Amino acid sequence: MNFAKRGAGPGVGTGTALASVLALALGAMALGAMAGPAWAQESDGSDAAMDAATKPAEEAKAQLVEEETEAQVAEQATAQATAQATVQATVQTEPVEEEDFAAILSSMLSLQSQTQGDELEAVLEQASAFPLGSAENPVRAAGPPGQRAYLARLRCSDLSRTQFYRAGSAGMSPYGNIVDIYIVSCASGTPENSEIYIDMYHSGHVEEAAVPGYGITGGRAAE
């Protein structure tokens, strides 16, 4: 289901309520994750002790990634709800049912695209007519770590690494998901500065192609 095509009910208040529900839900999930049981250290052998010693660090890293993803999802969904509420101040649209909103939130948190199956294949074919990394053909990635991993693999004309930061969200992608804009720059080579659009709601996907103007490690250059 495409969140962008659904309303949040009449008036700005409903959109704000949806944003509040989203923030509370994500906050509860984050608190639940932090309240999880700690790893107990093994004492019956060196291998077991080493595993036990590394588990807290691995758990902490996984929790940070989860919290970062939840925070970025919350930011995106809240911005979307606010934008919908603003439009609905003058235009009446179909309200989002509670179960629909719950399903949307669940799919966002699991990094699942709103477009799947044959529909996804059709959108991919249409998007391929535009440059990779553009608003019409955003790079597909798996969450914030996937976004950064892709950008870290890009190479400037002098083979140096890129520098990048997330500028924020920028509406909906062709796949029905909220898309992010990253500002990417090369300190010495080219391109000097670029805007690259990345859709993070494609769990398990790793993009192999480079956006135009860049090389990429472990993949293929732009055609």
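Select the open sheet first: its 4 strands (DSSP E runs of at least two residues, numbered from the N terminus) follow the order 1-5-4-3 with mixed pairing, where a pair requires at least two DSSP bridges between the strands. Strand 1 (139-140) and strand 3 form the edges, each pairing on one side only. The model is predicted, with local features requiring pLDDT of at least 70 and side-chain atom pairs pLDDT 80 or more, while totals for chains, interfaces and linings use all residues. Numbering starts from 1 along each chain as its sequence is written, and side-chain values use heavy atoms, without hydrogens and water.

Next, select residues 163-172 and 178-185: these are strand 3 and strand 4, antiparallel over 7 bridges. Ser169 has Asp180 of strand 4 as its bridge partner. Between the two strands of this hairpin lie 5 residues, and Gly176 adopts a positive phi near 85 degrees.

Continue to residues 193-199, strand 5, which pairs with strand 4 in the antiparallel sense over 6 bridges. Here Ile196 of strand 5 is the bridge partner of Tyr182.

Now display helix 4 (residues 117-127; helices are DSSP H or I runs of at least four residues). Its buried residues (under 20% relative accessible area, 1.4 Å probe, protein chains only; exposed is over 50%, partly exposed in between) are Leu120, Val123 and Ala127. They lie on the same side of helix 4 because their arc around the axis, taken from the directions from the helix axis to the C-beta atoms, covers only 65 degrees. Asp118, Glu125 and Gln126 are exposed on the other side. The buried residues of helix 4 pack against strand 1, contact meaning heavy atoms within 4.5 Å.
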